[in-house]
Amino acid sequence: MGANEESARAVGREARLLPWVSPEGKPSYLITDDCGGPVSRVADAMEDTQLGMGAQLLAHAHELLPHSPAGELKFLAERLTEALQDALRVAHSRGLRLDRLD
C-alpha cells in the first residue's frame, strides 16, 4: 500500500487507484467520498478505453503473429506489455473497490 493510500485510510476515506500514473511513474490515487464525481467518471472512461484498446491490440496480434518480421514483433510486444500493465492496474483498482463492498 502506498503512502497516499495509507494517508487516505488514516482520515477515514478510501483511496481509489486511478488508471494513470504520476509524471514520476508512481501510482495515482483519488481520495474522495463521492464515487460519481468528475474525476471518478474520467477514470471510469479511461479504464474502459484502456481495456478496449487492449482487446483490439490482442486481436491485431492474433492476425499479425504468424507472418511478421522481427521489427513489427518487437513493436507489438511493447504495445502488448503496455496494454497488459494497464489491464492489471484496472483489475487491481476494481478488486480493491469490490473488497470494500464486502
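This is a chat between a visitor and a guide about how to read a predicted protein model.

Visitor: Before I look at any details, how confident is the predictor in this protein?

Guide: Good place to start, as this is a predicted model. The average pLDDT of the protein is 80, and 81% of the residues score at least 70.

Visitor: Where is confidence lowest, and where is it highest?

Guide: Helix α1 (residues 3–10) is lowest, with a mean of 48, while strand β2 is highest, at 89. Take care with residues 7–11, where the pLDDT is below 50. In the model that stretch has six contacts beyond near neighbours in sequence.

Visitor: Let's turn to the strands, then. How do β1 and β2 run relative to each other, parallel or antiparallel?

Guide: They run antiparallel, and four bridges join β1 to β2 (residues 27–31). Try tracing the pairs: Ala-15 stands opposite Ile-31, and Val-21 has Pro-27 as its bridge partner. The two strands make a hairpin with five residues between them. In the turn you'll find Gly-25, which has a positive phi of about 85°.

Visitor: Which residues of β2 are on its covered face, and which on its uncovered one?

Guide: Ser-28 and Leu-30 are on the covered face; Pro-27, Tyr-29 and Ile-31 are on the uncovered one. As for β1 (residues 15–21), five of its seven residues are buried, so this strand is largely enclosed by the rest of the structure.

Visitor: What about the nonpolar residues?

Guide: The general idea is that nonpolar side chains tend to be buried together in soluble globular proteins. Here, the largest nonpolar core is made of Leu-57, Ala-61, Leu-64, Leu-76 and Ala-83, five residues in total. Helices α2 and α3 (70–101) each supply at least two of them, with α2 giving the largest share, three residues. Have a look at Leu-76 in the model: setting aside neighbours within four places in sequence, Leu-76 is in contact with Leu-57, His-60, Ala-61, Leu-64 and Leu-65.

Visitor: How many salt bridges are there in the whole structure?

Guide: A search finds eight. Start with Glu-47 and Arg-16, whose side chains meet at 3.3 Å, N to O. This pair links distant parts of the chain, as Glu-47 is in helix α2 and Arg-16 is in strand β1, 31 residues apart.

Visitor: Is that pair buried or exposed?

Guide: Check each partner against the cut-off: buried means under 20% relative accessible area. Glu-47 has 1% relative accessibility, so Glu-47 counts as buried. Arg-16 is at 8%, so Arg-16 counts as buried too. Both also belong to a network of salt bridges that links Arg-16, Asp-44, Glu-47, Asp-48 and Arg-94.

Visitor: What does a salt bridge within one helix look like?

Guide: Find Lys-74 and Glu-78, whose closest N and O atoms are 2.3 Å apart. They are four residues apart in helix α3, so about one helical turn separates them. Lys-74 counts as exposed, at 53% relative accessibility, whereas Glu-78 is partly exposed, at 31%.

Visitor: One more: what does Gln-50 touch, leaving out residues up to four places away in sequence?

Guide: Gln-50 touches Pro-19, Asp-86 and Val-90. Gln-50 is found in helix α2 (residues 38–64), and its relative accessible area is 9%, so Gln-50 is buried. Its side chain reaches the backbone oxygen of Pro-19 at 2.9 Å. Asp-86, for its part, forms a salt bridge with Arg-89.

Note on methods
Residues are numbered from 1 along each chain as its sequence is written. Side-chain values use heavy atoms; hydrogens and water are left out. Buried means under 20% relative accessible area, exposed over 50%, partly exposed in between (1.4 Å probe, protein chains only). A polar contact is a pair of N or O atoms within 3.5 Å; within protein, one must be able to donate a hydrogen and the other to accept it, and residues adjacent in sequence count only if both atoms are side-chain atoms. Contact means heavy atoms within 4.5 Å. Two strands pair if DSSP finds at least two bridges between them. A nonpolar core is a set of buried Ala, Val, Leu, Ile, Met, Phe, Trp, Tyr and Cys residues joined through side-chain atoms within 4.5 Å. pLDDT is the predictor's confidence in each residue, from 0 to 100. A salt bridge is a side-chain nitrogen of Lys or Arg within 4 Å of a carboxyl oxygen of Asp or Glu.
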